[in-house]
Structures are given as structure tokens and as C-alpha cells.
Amino acid sequence: MRKVLGIDVGGSGIKGAPVDLEVGDFAEPRLRIPTPEKSSPENVVSVLHEIVDNFAPTIGDGPVGISFPAPARHGVIPFIANLDQGWAGLHAEEYISDALGRPVTVLNDADAAGVGEVYYGAAKGVPGVVVLTTLGTGIGSAVINNGILLPNTELGHLEIDGHDAEKRAASSVKDRKHMSYKDWATKRLQRYYEVVEMLFSPDLFVVGGGVSKDHKKFFKYLKLETPMVPAQLLNRAGIIGAAWQAQWRLEHPDATEEEVVRAAKKAKDAG
């Protein structure tokens with residue numbers, strides 16, 4: 001299988017690497033370029049060009065998957081918080097594809113991480129509903145059922161007890177309020193996850209974000225019916241998941257939901 005380029009667009013840096021989809025890991029060391037101070041579509045695409053050109057000998061004319069810090073509805077960015085407002089309302093997938101001259105798949109960064117974890121990480125081989133959450137400045141989320149991604153869930157913005165969930169439960173809140181892991185877990189995370197559990201009845205929670213490396217310090221305080229595990233791919237997840245999604249789109253442009261489910265089950269059984 002060819003190596004597919006995955007790119008993660010962030011507020012401070014744009015990172016890319018070819019991904020070997022047979023093993024779910026980087027085929028070459030990633031390239032990181034600072035995000036332009038004015039992160040307009042034109043300026044960001046200029047960086048994307050540089051990354052694509054750098055890895056062209058490896059990826060050939062193949063597709064590119066892009067993990068983006070915003071919702072992506074059928075390739076359109078409805079609103080943006082961490083990049084230039086010129087992205088809002090833009091059909092980013094079409095715009096970037098035209099600029100790069102190759103097929104491009106754009107998906108939300110938490111969704112990309114979720115796809116990566118389902119096919120190569122902590123959720124590999126798990127049937128049913130997997131909910132990935134990233135705990136950081138806010139709370140990102142991905143919901144995947146038998147390999148099918150429900151995009152743009154934004155579960156960090158659930159209203160719980162009259163509050164936006166991430167404003168009470170994100171790890172940045174723990175740091176800002178100097179909370180212990182125990183207090184954060186019992187007074188903030190417990191309520192968040194029990195509501196998500198009630199709404200989605202997941203088969204597995206996967207917890208990502210920088211704080212997941214300290215999962216032993218707070219998982220033990222959470223009382224949930226759903227098993228919970230830390231993410232495995234760390235900061236590689238978005239690039240790997242975006243590359244996987246780009247290759248899938250290229251190979252199955254007109255796939256029905258039944259075909260997607262069948263392919264996902266086959267991939268899990270093989271794993």
C-alpha cells in the first residue's frame with residue numbers, strides 16, 4: 001500500500017508526515033512548520049504546499065488527509081476559533097484540493113484522532129460505539145460506531161447543570177484552579193462522563209490530550225459503567241487518522257453505509 005500524507009493544522013504549528021497504513025505509523029519523521037502569524041487560507045495553503053513538496057518522492061500523486069482545528073461539514077468550515085476568520089464558511093476541502101492539485105480530505109482534529117485510535121490505537125478491535133475525548137484547553141470529541149465516524153460532535157460544549165462542559169471539566173480548568181487530580185476527577189470529570197455515558201451508552205471511552213499520560217492519577221476516581229483507557233497514539237493520532245480517512249475516501253468515493261460497516265468489521269477482525 002502506498003504511503004499517504006497526513007497533516008495536522010494547529011494554531012501554533014502545522015505538522016505533516018507520510019503514514020504507512022499497513023502498520024499505522026509514520027513512514028518518515030514528521031515535518032513541522034510554524035503556523036503563519038496571519039493564518040489566512042492563502043498563507044496556510046502555502047505551508048501545506050511546502051509540506052507536500054517535501055514528501056512528494058514518498059507520496060507521489062496520492063491523497064492528503066488534513067486534521068483541522070474546527071468542524072468540517074462536507075468539507076466546509078462553518079466557524080473557526082483558532083485560525084484566521086477567512087476560513088469561516090470556506091469550502092476548505094475543495095479550496096485546498098484545487099491549490100495542491102490532488103485529492104484532499106479535511107476533518108476535525110478530534111475526529112482524526114478518533115479514527116487513528118480506532119484503527120491503530122487503544123480502540124482497535126473494539127466493536128460498537130467508541131467515544132474519544134481529548135482533555136486540554138477545551139474538550140474535543142469523536143464518536144465512532146463500528147468504524148463509522150459521526151463527525152463534528154463537539155461534546156465539550158454539552159450544557160451540563162447550566163454550564164458549558166469544557167469550561168468546568170477541561171484539564172486547563174484543573175490547572176487554572178490548582179485542583180488536585182482527585183478533586184478534578186470527582187467534582188468535574190465524573191459528572192461530565194456520566195452524562196456522556198447516559199446519552200451515548202458507549203462500549204469504550206478513550207481519553208486523549210496531554211493529561212492522558214497521567215491517567216493513573218485520575219482514572220481511579222471515576223465511577224462509570226463504561227471501560228476507559230488512555231489514548232495510545234499521542235500526538236501522532238491526528239496525522240495517522242487523517243491519512244487513513246483520505247485513503248478510504250479515495251478508494252470508496254460512493255460507498256454505502258452498509259459497505260462502510262462491512263469494511264470496518266473486516267479490518268477489526270483482521271486486527
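## Five-stranded open sheet and Ser212

In this predicted model, 5 strands form an open sheet with mixed pairing, in the order S9-S8-S7-S12-S13. S9 (148–150) and S13 (228–230) are the edge strands; each has a single partner strand, so one side of each lacks a neighbour in the sheet. Neighbouring strands are turned by 25 degrees against each other on average, direction ignored. Strands (E, at least two residues) and helices (H or I, at least four) are DSSP runs numbered from the N terminus. Two strands pair if DSSP finds at least two bridges between them. Axes are lines fitted to C-alpha atoms, for helices over the stretch in contact, and angles run from 0 to 180 degrees between N-to-C directions.

S12 and S13 pair in the parallel sense over 3 bridges. Val207 stands opposite Pro230 in S13. Helix H6 lies across S7, S8, S12 and S13, at about 150 degrees to S7.

| Element | Residues |
|---|---|
| Helix H6 | 181–200 |
| Strand S7 | 129–135 |
| Strand S8 | 139–145 |

Ser212 sits in the loop between S12 and S13. Ser212 is buried (under 20% relative accessible area, 1.4 Å probe, protein chains only), at 4%. Its side chain reaches the backbone oxygen of Gly209 at 2.7 Å. Beyond its neighbours within four places in sequence, Ser212 is in contact with Val207 and Pro230. Contact means heavy atoms within 4.5 Å.

Residues are numbered from 1 along each chain as its sequence is written, and side-chain values use heavy atoms, without hydrogens or water. Local features need pLDDT of at least 70, side-chain atom pairs count only at pLDDT 80 or more, and totals for chains, interfaces and linings use all residues.

Note on methods: Buried means under 20% relative accessible area, exposed over 50%, partly exposed in between (1.4 Å probe, protein chains only). A polar contact is a pair of N or O atoms within 3.5 Å; within protein, one must be able to donate a hydrogen and the other to accept it, and residues adjacent in sequence count only if both atoms are side-chain atoms.
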